[in-house]
Amino acid sequence: VQVENECGSLGTDRDYSAAANAIFALPVPDSLCRRLNKQSGNWTEVFGKNAPEAFQAFCFAHYVNEIAGAGRREYPLPMYANNWLNEYGFRRAGEYPSGGPAAGVLDIWKAATPQLSLLAPDIYLTNEEQFKEVCGQFHRPDNPFFIPEMGKGVPFARFQWDALGNYQAL
């Protein structure tokens, strides 16, 4: 079951409301620091220049996990969330949904979403090396590999065998 499709914030790297700013100033949850093998501190101290997106990712992941947990209590089915890639043309905050389960914050999402079976990239790339890089980022022992969205036609179809054969895509 797809719990969320390409969640994140477009046009900003994180929520800057008063409530979000107050939480951003607090220490990163100890459970997240332990899972990521990081020293404790506030979001900026722990994640440096990546703090805004790390914070946004944790908040979205926490919310999505609550939804997935409620769904699994009703129907114990595999659940996932997919993402809009922030690589290859969408590198600056605001150009992609910041905080979604992109490769750079995948460890945060894995730590915060035990109710999800997997996190999946939407891959609309026609460059073979870029395609393989994304596959390698999401094909992990703790994340069964699945591509829920891919472009259609020959430029994309040629990668399907690679995804199946080399990355054991579902």
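**Notes on the predicted model**

1. Let's start with burial: of the 170 residues in the chain, buried ones make up 43%. Keep in mind while reading that this is a predicted model.

2. On the overall fold, you will find eight helices and three strands in the chain. Going along the sequence, the order is β-α-α-α-α-β-α-β-α-α-α. The radius of gyration comes out at 16 Å, close to the 15 Å that the globule rule gives for 170 residues, so the chain is as compact as a globular protein of that length. If you want a box for it, the C-alpha atoms fill one of roughly 50 × 40 × 25 Å, taken along the principal axes.

3. Next, contacts. Take the contacts in the chain with a separation of 6 or more: 69% of them are between residues 24 or more positions apart.

4. A word on the surface and the charges. About 9,100 Å² of the chain is exposed, and carbon and sulfur atoms supply 53% of that area. As for charges, the chain has 14 positive and 19 negative ones. The mean positions of those two sets are 3 Å apart.

5. Now the strands. β1 covers residues 2–5 and runs parallel to β2, with three bridges joining the two. To find your way around this pairing, look at asparagine 5, which stands opposite asparagine 82 in β2.

6. β2 also pairs with β3. Strand β3 covers residues 118–122, and five bridges join it to β2, again in a parallel arrangement. Here the pair to look for is asparagine 83, opposite proline 121 in β3.

7. How covered is β2 (residues 80–84)? Mostly: four of the five residues in this strand are buried. One general point to have in mind when you inspect it: in a regular strand, side chains alternate between the two faces of the sheet.

8. Two residues have an unusual entry in the backbone list, so to speak. Asparagine 37 has a positive phi of about 60° although it is not a glycine. You will find asparagine 37 in the loop between α2 (30–36) and α3. With a relative accessible area of 73%, asparagine 37 is exposed, because the cut-off for that class is over 50%.

9. The other one is glutamine 168, also not a glycine, with a positive phi of about 50°. Glutamine 168 sits in the segment after α8 (160–167). Its relative accessible area is 45%, so glutamine 168 counts as partly exposed.

10. Serine 17 belongs to the loop between β1 and α1 (18–24). At 31% relative accessible area, serine 17 is partly exposed. If you are after a long span to display, try serine 17 and phenylalanine 159: they are 142 residues apart in sequence, and their C-alpha atoms are 42 Å apart in space.

11. Finally, glutamate 45. Where does glutamate 45 lie? Its place is in helix α3, residues 43–47. Glutamate 45 has 58% relative accessibility, so it counts as exposed. From glutamate 45 to leucine 118 there are 73 residues in sequence and 29 Å in space, C-alpha to C-alpha. Leucine 118 is in the residue range of β3, 118–122.

How values were computed
Residues numbered from 1 in each chain as written. Predicted model: local features only at pLDDT ≥ 70, side-chain atom pairs only at ≥ 80, totals over all residues. Heavy atoms only, no water. Rg over C-alpha atoms; globule rule 2.2 N^0.38 Å. Buried < 20%, exposed > 50% of the residue type's maximum accessible area, 1.4 Å probe, protein only. Contact = heavy atoms within 4.5 Å. Areas by Shrake-Rupley, 256 points an atom, 1.4 Å probe, with all protein chains shown as cover. Lys, Arg positive; Asp, Glu negative; His and termini not counted. Charge placed at Lys NZ, Arg CZ, Asp CG, Glu CD. Pairing = 2+ DSSP bridges.
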